[in-house]
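Me: Please take a close look at one sheet of this model and the residues around its edge. Start with how far the model can be trusted, and then place that part among the others.

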Amino acid sequence: MKWFALFFILFHLSCVPQEGDPLISSSISFALVQASDLVVTNYSGDAALLLDKDGNFKKLLYNVDNNKEQVVGVNWNSFNNRIVLSINGVPDRVISINPFDGEYTEVVKDSQYNGNTFGLAVDNQGSYLLIESHRLEKYSKKGIRINDANFPTGNLVNNLSQVSINKEGNIIVCGYGGDRVKVYDDEINQLASTASGIGGTTNAYGCKGNKSGQIVASWDGSSDAVVIYNSDLTIEEFRFQDTTLLTAPRGVEIKKNGNILVADATYHYLLELTPELEYVRTIGGGILNYPWGILEIPDYD
């Protein structure tokens, strides 16, 4: 028995990690926000919610003073692995959230950033592109306003809603007043533009490019629709229309697997579609309140 006990102790001691041994898990395992989680902004709920990949509630990520401010735009800053939110409030500002612990800081707050501060994006140099009513403002990584020959822009589309950067670095914007989806280069030269072409359905609330170069747009009106176009917006490749599932589309997000998420402000959920716009499921029902922007958390460390 003594020999057995000695063997047992030595065996288990050999399994204890020693100094210099590689760690099996990384810090991401303990982070608040995991890859494939979803961050959804609620225009009426005045908050950004953290959901898991299946739409289950995890945490109230950021809240504002109700009835005075709205959390609207959401995106990912790959330069520092942070979630960024645009706050249409008093004052208008951009918030950066650490996904490891949920702590936040203000990265843009400027008296010249005002109006309807809806969607936002981070370009290939780490600068912030921010919707301000009908135009785009640009701020450096350090939050310094850029005022040059290109920015702030003139009016691009009335009532801009979403802005995104495609894989070529071009800027995709859409608006529910000017009823257009447009593509610009980084010097704000217009490259492409389209209207919905769907009778009574003109408001462009969501727009984003996928890895294949296609552009996904959500159109709101009497015949709500999600449409996939080719890269220059000249060909409609796929369309989804079903009023029992989609009746007030807002922001769109492209998941890592290519599926498309669309916020619905009437049904208060996210609609998931395949890359060919076939129905997959709805998620987040009973949790969301007028969802507007969506972000799927990418892989990060």
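Reply: The protein chain is a predicted model with an average pLDDT of 91 (the predictor's confidence in each residue, from 0 to 100), and 91% of the residues score at least 70. Over residues 1-26 pLDDT stays under 50, and the model has three contacts (heavy atoms within 4.5 Å) beyond four places in sequence for that stretch. In this predicted model local features need pLDDT of at least 70 and side-chain atom pairs count only at pLDDT 80 or more, while totals for chains, interfaces and linings use all residues. Residues are numbered from 1 along each chain as its sequence is written, and side-chain values use heavy atoms, with hydrogens and water left out.

The sheet chosen here is open and has four strands, in the order β11-β12-β13-β14 with antiparallel pairing. Strands are DSSP runs (E, at least two residues) numbered from the N terminus, and two of them pair if DSSP finds at least two bridges between them. β11 and β14 are the edge strands, each pairing on one side only. On average, neighbouring strands of this sheet are turned by 15° against each other, direction ignored (axes are lines fitted to C-alpha atoms).

Inside the sheet, β12 (residues 171-175) pairs with β13 over five antiparallel bridges, and cysteine 174 stands opposite valine 181 in β13. β13 (residues 180-184) is joined to β14 by four bridges, again antiparallel. Here valine 183 has alanine 192 in β14 as its bridge partner. β13 and β14 form a hairpin with five residues between them, and isoleucine 188 in the turn has a positive phi of about 65°.

Threonine 194 belongs to β14 (residues 190-194). Threonine 194 is buried (under 20% relative accessible area with a 1.4 Å probe, protein chains only; exposed is over 50%, partly exposed in between), its own value being 11%. Beyond four places in sequence, threonine 194 touches Asp179, Arg180 and Val181, and also Trp219, Tyr229 and Leu233. Lysine 182 is 12 residues from threonine 194 in sequence, and their C-alpha atoms are 6.6 Å apart.

The loop between β10 (135-139) and β11 (160-165) holds serine 140. Serine 140 is also buried, at 18% relative accessible area, and is in contact with Ser127, Tyr128 and Ile146 when neighbours within four places in sequence are left aside.

For the wider setting, the largest nonpolar core (buried Ala, Val, Leu, Ile, Met, Phe, Trp, Tyr and Cys residues joined through side-chain atoms within 4.5 Å) has 20 residues. Val39, Tyr62, Ile83, Leu85 and Ile297 have the most contacts inside this core. β2 (47-51), β3 (57-63), β4 (70-77), β5 (82-88) and β6 (93-97) are the elements that give two or more residues to it. A second, separate core of 18 residues includes Ala121, Leu136, Ile171 and Tyr184.

Another open sheet has four strands, in the order β4-β5-β6-β7, with antiparallel pairing. β4 and β7 (104-108) stand at its edges with a single partner strand each, so one side of each is left without a neighbour in the sheet. The twist of this sheet averages 30° from one strand to the next. β4 and β5 pair over seven antiparallel bridges, and glutamine 70 stands opposite asparagine 88 in β5.

Technical notes. Axes fitted to C-alpha atoms, helices over the stretch in contact; angles between N-to-C directions.
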